[in-house]
Amino acid sequence: MKQIKIFDTTLRDGEQSPGCSMNLKEKIEMAKQLERLNVDVIEAGFAASSPGDFLSVKTIAETLKNCTVASLSRALPADIDRAYEAVKGAVSPRIHTFIATSPIHMEYKLLMKPEQVLESAEAMVKHAKKYVSDVEFSAEDATRSEVDFLAKLFDRVIRAGATTINIPDTVGYVMPEEYFAFLTELREKCPALDTVDISVHCHNDLGLAVANSLSAVRAGVTQLECTINGIGERAGNASLEEIVMALKTRKDFYNADTRIVTQEIMRSSQLLSRITGVKVQPNKAIVGENAFAHEAGIHQDGVLKNKQTYEIMTPESIGIAAKNLVLGKHSGKHALHARIKELGYDVTEEELEAAFVKFKEIADKKKEVYDSDIEAIITKESVRVPKVYSLDRFTISSGNTITNTAAVRLRKEENLQEQIESGDGPLDAAFKGIEKIVGKNLHLDGLSIIANTEGKDALGDATVTIRDEENGKTAQGRGISTDVLEASLMAYINAVNKMIYEEKHESESM
Ligand code: KIV
Ligand code: ZN
């Protein structure tokens with residue numbers, strides 16, 4: 001059975017897509033989850049792109065122990081130096097350098113002749129090789145490049161020391177059969193490819209990223225690049241969960257497998273959604289809410305008689321457990337800690353303390369506390385940023401025949417500040433009040449509220465995305481409460497605190 005390496009780029013290609021930005025704490029939490037998922041390589045960011053990105057790649061490199069940590073870098077000496085500085089503390093560091101190779105990119109974007117691209121790629125791989133043994137080279141827009149040119153280029157960079165050659169479908173253009181033929185031809189024209197890992201990185205512009213990645217496995221590649229929930233530039237990247245479960249479910253066809261702990265898939269998907277506020281569509285393969293739901297009577301009847309009538313993989317295999325009633329209002333901190341550990345999370349003393357306070361609040365209001373409630377609390381607490389502002393109290397008056405007004409009082413250290421505002425709706429009024437208190441000009445880019453569990457006393461899980469009108473920076477915040485208005489206000493304040501944290505951390509890393 002062939003082992004396929006999984007190279008996860010959620011924190012680089014995924015994070016650079018709109019609405020998916022994460023702060024340092026969130027990236028670390030996500031990286032730790034990717035390590036639990038057992039990916040082979042984590043591309044933690046693009047170190048040279050900003051001081052914040054540099055710091056997150058460096059911190060992740062120094063934190064993780066069981067996987068390779070890569071930084072992307074353009075084929076420029078200064079970028080490669082920066083990438084090395086960021087990954088050098090990793091147990092297994094990788095420098096990933098790339099240059100565009102298609103005629104259109106070389107002529108219009110790089111303003112370089114093909115010969116210059118060849119020379120630059122070779123020189124930059126040699127430069128990276130001075131620092132680390134593990135060097136990946138990517139030919140950006142490879143699928144719109146000339147095959148003979150690529151074969152020549154790959155030959156030179158492999159001789160210069162590249163250990164992985166990535167052949168991306170950068171613009172999501174190629175068709176599965178065409179990719180198979182293209183990769184096969186490249187292997188024939190450049191036999192050195194068979195001495196290194198061959199990788200593909202597929203974008204989803206025509207909805208074919210996963211199909212193309214799987215076709216590449218048939219053509220002999222040994223590494224697949226992908227992201228959780230398929231997030232990424234434009235229509236996204238190939239989705240990790242779909243690739244992994246396709247290989248696992250159809251081992252008979254591909255004769256290939258990965259080292260992924262598939263039971264961690266659902267948790268990884270949900271953690272990413274919680275952090276970014278970007279929800280997964282309900283009918284998304286593998287991790288969508290409906291992926292294992294059988295609605296039609298005829299299907300339900302079949303599944304009751306034999307699950308395999310309509311289920312080609314089990315929900316348990318991706319980590320969907322039965323809804324366990326675990327704790328209640330009389331449970332203590334030890335019981336909560338034990339359950340958090342059973343769920344696979346590591347929390348610090350301080351995080352446990354904060355989670356316990358929240359747990360007690362919720363257990364007081366709610367009869368039954370489920371695993372999903374605990375996960376909602378714990379993922380929120382573990383990516384917590386300092387609470388510069390917190391909600392002290394609020395009153396809202398709303399109705400369809402009166403003006404909606406809100407009085408919101410926030411605490412900042414020992415000081416309390418109250419603001420009364422009116423607005424188009426109760427939340428508009430309350431958000432205006434918060435905006436005035438924190439002295440920012442904010443725009444609400446998005447708000448969603450979901451019920452975390454079933455029933456009238458379900459936790460409302462609110463996510464907001466705000467944008468600072470002055471500098472265009474965005475932040476997502478989350479709040480959970482049995483009261484959806486309170487959850488929304490908490491989410492808004494959480495986003496403000498994240499914005500303040502990010503501003504502080506950016507100015508410190510300058
Ligand atoms: O899509 C792409 O080609 C990339 C490369 C930098 C690998 O993201
Ligand atoms: Zn990409």
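A disulfide is a pair of cysteine sulfur atoms within 2.5 Å. With that cut-off, the structure holds zero disulfides. Keep in mind that this is a predicted model.

Let me stay with the cysteines for a moment. Cys67 is in no disulfide, and its nearest cysteine sulfur belongs to Cys226, 13 Å away. For Cys226, the closest cysteine sulfur is in Cys202, at 9.9 Å, which is too far for a bond. Are Cys67 and Cys226 buried or exposed? Cys67 is buried, at a relative accessible area of 5%, and Cys226 is buried too, at 0%.

Next, the metal. The zinc ion, ligand 2, is coordinated by OD of Asp13 and by NE2 of His201 and of His203, at 2.0 to 2.1 Å. Along the chain, the spacing of these donors reads D-x187-H-x1-H. His201 counts as buried, with 5% relative accessibility, and His203 is buried at 4%.

Now the aromatic residues. There are four aromatic pairs in the structure, and I will show two. The first one I want to show is Tyr84 with Tyr131: the ring centres are 4.3 Å apart and the planes are at 5°, so this pair is stacked. Where in the chain do Tyr84 and Tyr131 sit? Tyr84 is in helix α4, residues 77–87, while Tyr131 is in the loop between α6 (114–129) and β6 (135–140). They are 47 residues apart, so to speak a link between distant parts of the chain. Tyr131 is partly exposed, with a relative accessible area of 32%.

The other pair is Phe253 with Tyr254, which is edge-to-face, at 5.0 Å centre to centre and 90° between the planes. Phe253 is partly exposed at 39% relative accessible area, whereas Tyr254 is buried at 18%. Phe253 also has a charged partner: Arg218 lies over the face of its ring, 4.3 Å from the ring centre.

A further arginine does something of this kind at Phe54. The charged end of Arg82 sits over the ring of Phe54, 3.8 Å from the centre. Phe54 is one of the buried residues of α3, a list that also includes Asp53, Val57 and Ile60.

Last, the geometry of that helix. Helix α3 runs over residues 51–63, and at 1.5 Å a residue its 13 residues should span 18 Å. What is the distance between its end C-alpha atoms? They are 18 Å apart, which agrees with the expected span.

Key: Residues numbered from 1 in each chain as written. Chains lettered and ligands numbered in written order. Predicted model: local features only at pLDDT ≥ 70, side-chain atom pairs only at ≥ 80, totals over all residues. Heavy atoms only, no water. Phe/Tyr/Trp six-rings, centres within 6.5 Å; stacked < 30°, edge-to-face > 60°. Helix = DSSP H or I, 4+ residues; strand = E, 2+ residues; numbered from the N terminus. Buried < 20%, exposed > 50% of the residue type's maximum accessible area, 1.4 Å probe, protein only. Lys NZ or Arg CZ within 6 Å of the ring centre and 35° of its normal. Expected span 1.5 Å × (residues − 1). Donors = N, O, S within 2.8 Å, 3.2 Å for Na, K, Ca; no water.
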